[in-house]
Amino acid sequence: MLPDTAYQVIHDEVMLDGNARLNLATFVGTWMDPMAQRLYAETVDKNLIDKDEYPATAAIEERCWRLLADLWHAPAVASALGTSTVGSSEAAMLAGLALKRRWQQARRAAGKPADRPNLVMSSAVQVCWEKFANYFEVEVRYVPVTEDHLMLDGYELERYVDENTIAVVAIMGVTYTGCYEPVDQIAAALDRIQAETGLDVPIHVDAASGGFVAPFLQPDLAWDFRLPRVASINASGHKYGLVFPGVGWVVWRHEDAVPEELIFKVAYLGGEMPTLALNFSKPGAQVLLQYYNFLRLGRDGFTAVQQSCQDVAKYLSAGIASLGPFELLSDGSDIPVFAWRLRVGYTDKWDLHDLSAQLRQRGWMVPAYPLPDELTAQTVQRIVVRNGLSMELAGHLLDAVRECVTYLDGFTSPMPKQGRTGGAFHH
Ligand SMILES: Cc1ncc(COP(=O)(O)O)c(C=O)c1O
């Protein structure tokens, strides 16, 4: 094939994908400004692992994670440790591994068995934590989400934590609802457990989204290294770090938290550069784009972008709540993400999957999915407001939701929901 032909074939096929900007399911960046795109095109050939060959890119990577260590209040940035990753998933693997190995070392040093590590987390964790536990053979202890405890909040934590617990994972920006778990309450519960049992259990904060939101929108909320129990934090550069897909970050409060055996020394600029990563090769451009955002936006710029996302999220959640059929689970006041469910008793003629399908016909992708665990009978729908969903577009989205509800309410079906056919959808 000629290059033009091959290009056209693929260009045409991916037209069948949804429009990324109207994809309100994803947390991952779908918009960057033209200068960022120019930088991306110029640096797309850089392999981040070639630190000898690309020392400037390697230096920028380190500058980025030290900047994040500072943003997240590491007490001594000079003795923190961090790395870029492909996303929060790789970051979770590395943070989990460091916790597991550190626990094993301590257990062996004390002459105790180290073969049954466990990790405590909410049942509403993102799937990357299930993968970590599965791939690296750690037992998961899920704290169930219930109507009374919609997230991990320290309640009855003593029932889950024991001498084999390598850490508790707290989530800043629960994937299902966008709510912050109260890391300070979880830390206080672990303080009580330590006072009673002597067990000193660290916290890892999965701040995939919140790591780039809370420092700007809720600067007084102590969820990060201000809490002495927080050992490590991950965040996705490609979510509210505002970069195109392919970059995440993990930072440890102190380099001692990462056992030497996990660090590989790479000869670099005449010195030795410690690296820890699951991948060898990975794109360098995304790291440069992250740095671009730090320079371009600074603290004020990040605050302005996240604030405008939050304004849009609150406008949309208030609009959706006022339509009548829906009840909010969150309103976008933590990260700019909110979820709602159908009010009990509103209708048995349609549900949120039908609404999702109707919106999809109009180009909008707004997923509906069940809550975890005890709440699986409940379906919720969620909108992730990202940079690029303007107030103007949000107005159109709200109109679309209103029209879809009118449409769904309007069709009359003599059949119960299970028995109806496509034909029953006519007005
Ligand atoms: C709380 C949380 N943790 C981890 C992840 C995984 O992040 P990534 O897609 O960057 O690997 C997500 C993604 O949505 C998330 O919401």
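Is Asn164 buried or exposed, and what is its relative accessible area? In this predicted model, Asn164 has a relative accessible area of 16%. Because residues under 20% count as buried, Asn164 is buried. Asn164 is placed in the loop between β3 (139-143) and β4 (165-171). When residues up to four places away in sequence are not counted, Asn164 touches Trp103, Arg107, Arg116, Pro117 and Asn118.

A second part of the structure is an open sheet of four strands, arranged in the order β10-β11-β13-β12 with antiparallel pairing. The edge strands of this sheet are β10 and β12 (368-370), each of which pairs on one side only. On average, and with direction ignored, neighbouring strands of the sheet are turned by 40° against each other.

Within this sheet, strand β11 (residues 337-342) is largely enclosed by the rest of the structure, because six of its six residues are buried. Burial extends to both faces of β11: Val337, Ala339 and Arg341 are buried on one side, and Phe338, Trp340 and Leu342 are buried on the other. Strand β10 (residues 326-328) is joined to β11 by three bridges, and the two strands run antiparallel. In this pairing, Glu327 has Arg341 of β11 as its bridge partner, while Leu328 has Trp340 of β11. Strand β13 (residues 379-384) also pairs with β11 in the antiparallel sense, over four bridges. Here the bridge partner of Phe338 is Ile383 in β13.

Helices accompany the sheet. Helix α9 (residues 352-361) lies across β10, β11, β12 and β13, and runs at about 35° to β13. Helix α8 packs on the sheet as well, where α8 touches β10, β11 and β13. The direction of α8 makes about 10° with that of β11.

Helix α8 (residues 285-321) also meets helix α10 (residues 391-410); the axes of these two helices come within 10 Å and cross at roughly 15°. Since angles under 35 degrees count as roughly parallel, α8 and α10 are roughly parallel to each other. Their crossing is right-handed. On the α8 side, the contact involves Asp311, Val312, Tyr315, Leu316, Gly319 and Ile320, which meet Met391, Ala394, Gly395, Leu397 and Leu398 in α10. By class, this contact of α8 with α10 comprises eight nonpolar, two polar and one charged residues.

Key:
Residues are numbered from 1 along each chain as its sequence is written. This is a predicted model: local features need pLDDT of at least 70, side-chain atom pairs count only at pLDDT 80 or more; totals for chains, interfaces and linings use all residues. Side-chain values use heavy atoms; hydrogens and water are left out. Axes are lines fitted to C-alpha atoms, for helices over the stretch in contact, and angles run from 0 to 180 degrees between N-to-C directions. Angles under 35 degrees count as roughly parallel, over 145 as roughly antiparallel, 65 to 115 as roughly perpendicular and the rest as oblique. A crossing is left-handed if the near helix is turned anticlockwise from the far one by less than a right angle, and right-handed if clockwise. Contact means heavy atoms within 4.5 Å. Ala, Val, Leu, Ile, Met, Phe, Trp, Tyr, Cys and Pro count as nonpolar, Asp, Glu, Lys and Arg as charged, and the others, Gly among them, as polar. Buried means under 20% relative accessible area, exposed over 50%, partly exposed in between (1.4 Å probe, protein chains only). Two strands pair if DSSP finds at least two bridges between them.
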